[in-house]
Amino acid sequence: MKNLLLTILFSSIAIVATSQQCPPEWMYICSDGYLYDVQSDHNTYNLSETDFKKRLLENAFAGLARRVEVRIKDEAAMSKYAENGNVSKRYASTTTFSTDVELELVENKTIYNAKTREGYAIAYIDKSAARQFYRNKLQMTINNIENVIKTANIYIEMGFKAKAGEELQKNALPLIEQCDEPLFWLNFYELPTQQLQEDNNRVNALNKQLKQMVAELIHGTTIFIECKSDLFGSTYPKLEKELKGILSKQGCNFVNSPETADWVISIESFAREYNQVSAGQFSTYFAYVESRITIYKTATNQRVCEDQISVKDGHTFNYTEAAKAAYKQLSSRLSDLLKEYINE
């Protein structure tokens, strides 16, 4: 029976059974290799054999659940394999089992003598089987984590670093948390200390690897940007600064060489006068900013974007201010374009 509720302890059970000496046929269970609780009583309530054994067995289940809860608290105090606070966290979560104690791998047996109306019930867990069960559970979780890492590495090879980071955050880091439960129960069911420490070290190493990978990936997209902006014979550095600011918010870093970059962005822009519109004493000057942009993805040796953008804007002062207004629009247009490709 997978789930045992300690509330059984407080239910109204007609039989008041007591723990008795283990029957000879169960002596192999009543040993250090098992966690068990034996209950026995005489059927003085004229219950059917089925109901009598059922209620007797309920007492055995409740007794075993109580033994487990008490031992959990004892183990919490001992903290046998504490490292970096990991055990404290596991015990803290496990000892929250207040009225519910979830026991897996519980087996049971009953004996009933119709002549004497005496019955026995035992609920037990084979520690060896439990250790194997939780080691398999832990290994399966570790395998799943390693598979996610493999998927993330494929994304990295394809140049999708941000996507790789998201994959690890969404599908790998939560699995690390799931390792806590089997590690706790392996300690509880007395896995040899050396093996337990090895398993614990594997989980800690994976956790450290994942966190390091996520940190590098989320903030690890590198860009080489070459931005030439002409404003009627003068440079206009504000465009490059604005674009870098936007890309930085996406977690991008900038390098000085295209050979070390994940993305190479080339932008050439220049302003040109368009016309002047007068209305009474007021004039409005209109200017165009023409821009050519190329986005190159180094991981795939691919030119993913080659485009031209033309923006017109006006100002009442002069063509230079009109061109600056057009550059502001261009910055927004280029930002949307870069977001579409970078870190996709």
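**Aromatic rings in close-up**

Tyr34 is buried, with a relative accessible area of 18%. This value comes from a predicted model, as do the others in these legends.

**View 1. Tyr34 pairs with Tyr28.** The two tyrosine rings, Tyr28 and Tyr34, meet edge-to-face. Their centres are 6.2 Å apart, and the angle between the planes is 85 degrees. Tyr28 is partly exposed, at 46% relative accessible area. Tyr34, in contrast, counts as buried because its 18% falls under the 20% cut-off. A search of the whole structure gives 14 aromatic pairs.

**View 2. Trp185 stacks with Tyr189.** The centres of these two rings, Trp185 and Tyr189, lie 5.9 Å apart. Their planes differ by 25 degrees. The pair is stacked because that angle is under 30 degrees. Both partners are buried: Trp185 has a relative accessible area of 3%, and Tyr189 has 1%.

**View 3. Six residues form one aromatic cluster.** Trp185 and Tyr189 belong to this cluster. The other members are Phe133, Tyr134, Phe184 and Phe188.

**View 4. Arg71 lies over Phe188.** Arg71 is placed over the face of the Phe188 ring, 4.9 Å from the ring centre. Phe188 is also one of the residues in the aromatic cluster of View 3.

**View 5. Lys312 sits over Phe286.** Here the charged end of Lys312 is over the ring of Phe286. The distance to the ring centre is 5.4 Å.

Definitions and conventions:
Residues numbered from 1 in each chain as written. Predicted model: local features only at pLDDT ≥ 70, side-chain atom pairs only at ≥ 80, totals over all residues. Heavy atoms only, no water. Phe/Tyr/Trp six-rings, centres within 6.5 Å; stacked < 30°, edge-to-face > 60°. Buried < 20%, exposed > 50% of the residue type's maximum accessible area, 1.4 Å probe, protein only. Lys NZ or Arg CZ within 6 Å of the ring centre and 35° of its normal.
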